[in-house]
Amino acid sequence: MKQIADKPCLSDWLRLHHAFLSAKQLARLQQHFGDLASALTAKPADWLQVERFGDKLVNGVFKQDPGLVERALDWAQQPNHHIITLDDAAYPALLREVADPPILLYVRGDLSLLGAPQLAVVGSRHASRQGLIIAQEFSRYLSNIGLAITSGLAHGIDGAAHRGGLQGIGKTLAVIGTGIDRIYPAANQKLARDIAEQGAIVSEYPLQTRPLAQNFPRRNRIISGMATGTLVVEAALKSGSLITARQAMEQGREVFAIPGSINNSLAKGCHQLIKQGAKLVETAQDILEELAPLIAFSLQAEQQASVQHQLKNSADQTQLEDKNFEENRHPLLDLIEFEPIGLDELVVLSKLPASEVQAQMMMLEIEGLVEPLSAARWQRLK
């Protein structure tokens, strides 16, 4: 009778991880040896018989510095530090479905968030003030519904999305392109600490991995892969956000894009996505209506009733807010007719600074009460 090899332990997975073995290579290894445990007890010469396995890869597994594994195991012993493998029950189910999922993930923070329904929110690092407000408000609203907001901890839209996610009950996940013990950019150190305390930071890269340019586009498949849908707020025609959106489309996930002025270079990427089939959204409720059935389907049966209850409560709350909106929240709405009105006129009528008027008008846009027009003008819709 053939002896059954022991199940691979975390140190075994880390050896493969530090040799940069991909999920596709892992599958070929398992196919050749019958299972991973058997492969790990085989000799280097046997590994060289595996399809497309060369000396560099095999040496990377068998001749690596054992200190790499030891340091990773020590890191995982600290509070709220986790290392999960492709075979782990905590591994995100949706991410496991993508073409080449990471074989291992480092997680700092709330591990349970990896299995929560997620929306990826991405966009320009050089976002406009309007874009930052939209990203934060959409993320806050959808987080309060129960969606976890997933992004990449970059400047601009990513940071705004994380801040909005932290303001809601769904929280936020940051997928980074460095080792999990390094935060890039350094300006987001405090935001990263807040995310680690209230949400989760995720990385597929070994400890101490520096911010290498080629790693960031690759990590984007994790951002889109863990999420049910991806929202692009602002994006130029050549941007990492479009890479994330295209990967989401290839993964069969919903893609949403917020339109903008035809004269705004940061809207052109969103317009291109809409032409390619992304759903044009004007309010956060548009996204919720699309994702609600998918969210319920992705959860365990015992959670579905809770989610449906949250969705109903949210819809009821939205109706109540709309009813009381004019009286309590936005006095500017009283100054706006159904004919277009400009920023300068609103500043004069309201006696408020232009920056405050713009911020309040953005809130009205998000709630679907006014429509933005060209030349800093708005028109009332309700």
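Accessible areas were obtained by the Shrake-Rupley method with a 1.4 Å probe. On this basis, the accessible surface of the protein comes to about 18500 Å². Carbon and sulfur atoms account for 51% of that surface. The model is a predicted one. It holds 17 helices and 12 strands. Of the 382 residues, 51% are buried. Among contacts between residues at least 6 apart in sequence, 69% join residues at least 24 apart.

Nine of the strands belong to one sheet. This open sheet of 9 strands has the order β1-β2-β6-β5-β4-β3-β7-β8-β9, and its pairing is mixed. The edges are taken by β1 (81-85) and β9 (279-280). Each has a single partner strand, so one side of each is left without a neighbour in the sheet.

Strand β5 (residues 172-175) illustrates the interior of this sheet in detail. Thr172 and Ala174 point one way from β5, while Leu173 and Val175 point the other way. All four are buried. β5 runs parallel to strand β4 (residues 148-151), and 3 bridges join the two. In this pair, serine 151 stands opposite alanine 174. The chain passes from β4 to β5 through helix α9 (residues 157-166), in a right-handed β-α-β crossover.

β5 also pairs with strand β6 (residues 200-203), again over 3 bridges and in the parallel sense. Valine 175 stands opposite valine 202 of β6. The chain crosses from β5 to β6 through helix α10 (residues 189-198), and this β-α-β crossover is right-handed. Leucine 173 has alanine 200 of β6 as its bridge partner.

Two helices that lie across strands of the sheet were examined. Helix α10 lies across β2 (104-109), β5 and β6, and runs at about 105 degrees to β6. Helix α11 (residues 215-226) lies across β2, β3, β4, β5 and β7 (229-232). Its direction is at about 155 degrees to β5.

Serine 124 lies in the loop between β3 (118-122) and α8 (129-145). Its relative accessible area is 10%. Serine 124 therefore counts as buried, since this value is under the 20% cut-off. The side chain of serine 124 reaches the backbone nitrogen of histidine 126 at 2.9 Å. Beyond its neighbours within four places in sequence, serine 124 is in contact with His155, Gly156, Ile157, Glu234, Ser241 and Leu266. One of these, Ile157, belongs to the residue range of helix α9 (157-166).

A second open sheet has 3 strands. Its order is β10-β12-β11, and the pairing is antiparallel. The edge strands are β10 (341-342) and β11 (370-373), each of which pairs on one side only. β11 is joined to strand β12 (residues 377-380) by 4 bridges, and the two run antiparallel. Proline 372 stands opposite tryptophan 378 in β12. Helix α17 (residues 354-366) lies across β11 and β12. This helix runs at about 120 degrees to β11.

Towards the start of the numbering, helix α1 spans residues 10-18. Its buried residues are Asp12, Trp13, Leu14, Leu16, His17 and His18. Phenylalanine 20 follows α1 and has a positive phi, near 60 degrees.

Definitions and conventions:
Residues are numbered from 1 along each chain as its sequence is written. This is a predicted model: local features need pLDDT of at least 70, side-chain atom pairs count only at pLDDT 80 or more; totals for chains, interfaces and linings use all residues. Side-chain values use heavy atoms; hydrogens and water are left out. Two strands pair if DSSP finds at least two bridges between them. Contact means heavy atoms within 4.5 Å. Axes are lines fitted to C-alpha atoms, for helices over the stretch in contact, and angles run from 0 to 180 degrees between N-to-C directions. Buried means under 20% relative accessible area, exposed over 50%, partly exposed in between (1.4 Å probe, protein chains only). A crossover is right-handed if, with the strands pointing away from the viewer, the path from the first strand over the helix to the second runs clockwise. A polar contact is a pair of N or O atoms within 3.5 Å; within protein, one must be able to donate a hydrogen and the other to accept it, and residues adjacent in sequence count only if both atoms are side-chain atoms.
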